[in-house]
Amino acid sequence: MTAPRIVPPATIGMLGGGQLGRYALVAARLMGYRTMVLEPDPNAPAGRVADVHLVAEYDDPDALRRLGDECEVVTTEFENPPAAALDALSRRTLVAPSPAAVAVAQNRIAEKTFLADAGLPVGPWAVVDHADADPAVEYPAIIKTARLGYDGKGQRLVDDPSAMRAAWRLLGGVPCVVEQALDLETEVSAVVARRADGGFAAYPIAENRHVDGILDLSVVPARVPARLADRAVGLAMTIADALDYVGVLAVEFFVVGGELFVNEIAPRPHNSGHWTIDVAQTSQFEQQIRAVCGLELGDTGTTRPAAAMVNLLGDLWEPDTPEWGNAVTATSALHLYGKSAARPGRKMGHLTAWGSTVAEAEVRALDARRALS
Ligand code: ADP
Ligand code: MG
């Protein structure tokens, strides 16, 4: 299929107003596009940088009509836009990634079924959807709601079937998956971009550390054998092709016993790709714009030998507002998303440091964060 080329000053639409949308729209504006966001929160990070902020629910028919009519392409920045909203938009304009691809990533049951059917490696898992479920999975295990989980929310670690069933009820009795808790050596992610004509680009994979289910630190390049890094990119490419994916796609992997297992996919730029803003030739956000607009994909090479990104959560505001100036050094860059309320566990910003080795970049990033409080 020939990719339609969408060029400035066309309008690019964004469903969702978080920080990922904010960066993508900044990238679009730098290129000369007009930007429009649909997001109910009037103070949302992306609303502040868009030419037009439609303050309405994601499924508001009038707002969707306007977004669809004024935008040459609409993309999204979170997993959970209502399917009906994406379908309504796709009857009026180009939606990338497609509603079908987003639907797979929205639901852990659909996602794991898709991955398993495509022959991709996933850890042991089962569906839990009734009160006396007793799936064949080893414990300890992690039960996760099929929909609407993020940053470790909607998940419980459980030690046996009865604890699993109790957790299922506490999670609202909604469809869930239960996964064997794997003994992780590490976690890595691949951030890739694919165009409608199959054109593909991949960033060096990131090595990720999570704390309480939330990404805390990403370093690039990942400290894994080259064979594993190549395989991660290959698996991400297989997934993108199978979904006929258009845009930036992130694939999270577990490393267990020296092998990769796909954890989950995110149909958008990803927190573990934030380092690309400061240390890649093309940021993942500009890449997203290039991909959905059918333009040539940018160079994914790094501008420094190594990068480390740490998240800044709302917890940092205790007891006082951080000393922001302390985190801005010759080798580190501060990013704040402009969110009004700092709640514990909420992603408020991040900072990226670089250096000649991963160890050096990591120390610099952690030092810069420590210097905030
Ligand atoms: P979210 O959508 O919240 O990112 P994930 O499924 O990626 O949910 O889980 C968040 C984190 O919890 C993972 O990155 C990993 O650190 C840990 N985790 C999740 N599932 C497992 C598992 N089956 N075994 C071991 N750790 C897990
Ligand atoms: Mg995850």
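Which strands each supply at least two residues of the shell around ligand 1? They are β7 (141–145) and β15 (259–266). That's a handy place to start a walk through this model, which, keep in mind, is predicted.

Let's stay with the ligand for a moment. Ligand 1 is surrounded by 17 residues, and the closest of them are E179, A181, L182, H210 and G213. Sorted by class, the shell is a mix of five nonpolar, six polar and six charged residues. It also draws on two parts of the chain: domain 2 (124–180) and domain 3 (186–370) each give at least three residues to the shell around ligand 1.

Those two domains are part of a bigger layout. The domain assignment splits the protein into domain 1 (11–95), domain 2 (124–180) and domain 3 (186–370). If you take the C-alpha centres of domain 1 and domain 2, you'll find them 33 Å apart.

Now head over to the beginning of the chain. Here you can pick out an open sheet of five strands, in the order β3-β2-β1-β4-β5, and the pairing is parallel. The edges belong to β3 and β5 (94–95), and each has a single partner strand, so one side of each has no neighbour in the sheet. For β5, look at how it meets β4: the two pair in the parallel sense over two bridges, with V73 standing opposite L94 in β5.

Next to look at is helix α2 (residues 61–70). Which of its residues are buried? They are A63, L64 and L67. Looking down the axis of α2, you'd see these buried residues fall within an arc of 100 degrees, so they line one face of the helix. What do they pack against? The buried residues of α2 pack against the strands β1 (11–15), β2 (34–38), β3 (52–54) and β4 (73–76), and also against helix α3 (83–90). Turn to the face of α2 that points away from the buried side, and you'll meet the exposed residues P61, D62 and D69.

Moving along the chain, there's a helix to notice, α5 (residues 108–117), which is where D117 sits. D117 counts as exposed, with 9 C-beta neighbours inside 10 Å. Compare its position with that of V188: the two are 71 residues apart along the chain, and their C-alpha atoms are separated by 22 Å.

From here, let's go back to the strands and look at β9 (residues 176–180). β9 is mostly covered, since four of its five residues are buried. Strands in a sheet pair through backbone hydrogen bonds, and they can do so in a parallel or an antiparallel way. With β6, strand β9 runs antiparallel, joined by four bridges, and C176 in β9 is the bridge partner of V128. With β7, the strand from our opening question, β9 pairs in the antiparallel sense over five bridges. One place to see that pairing is K144, which stands opposite V177 in β9.

To finish, let's hunt for some backbone oddities. Most residues other than glycine have a negative phi, and most peptide bonds are trans. With that in mind, where can you find a cis peptide bond? One joins Y139 and P140, with omega at about 0 degrees. P140 is in the loop between β6 (125–128) and β7. Another cis peptide bond runs from E318 to P319, and its omega is near -5 degrees. P319 lies in the loop between β16 (306–313) and β17 (332–336).

Then there are the positive phi values. L148 has a phi near 65 degrees, even though it's a residue other than glycine. You'll find L148 in the loop between β7 and β8 (155–158), where it is partly exposed, with 13 other C-beta atoms within 10 Å. D212 isn't a glycine either, yet its phi is positive, at about 55 degrees. D212 belongs to the loop between β12 (206–211) and β13 (214–220). Is D212 buried or exposed? With 9 C-beta neighbours inside 10 Å, D212 counts as exposed.

How values were computed. Residues are numbered from 1 along each chain as its sequence is written. Chains are lettered from A and ligands numbered from 1 in the order in which they are written. This is a predicted model: local features need pLDDT of at least 70, side-chain atom pairs count only at pLDDT 80 or more; totals for chains, interfaces and linings use all residues. A residue is near a molecule or strand if its C-beta atom, placed from the backbone, lies within 6 Å of it. Ala, Val, Leu, Ile, Met, Phe, Trp, Tyr, Cys and Pro count as nonpolar, Asp, Glu, Lys and Arg as charged, and the others, Gly among them, as polar. Domain bounds come from an automatic or database domain assignment. A residue is buried if 20 or more other C-beta atoms lie within 10 Å of its own, exposed if 12 or fewer, and partly exposed in between; C-beta atoms are placed from the backbone. The arc is that of the directions from the helix axis to the C-beta atoms. Two residues are in contact if their C-beta atoms, placed from the backbone, lie within 7 Å. Two strands pair if DSSP finds at least two bridges between them.
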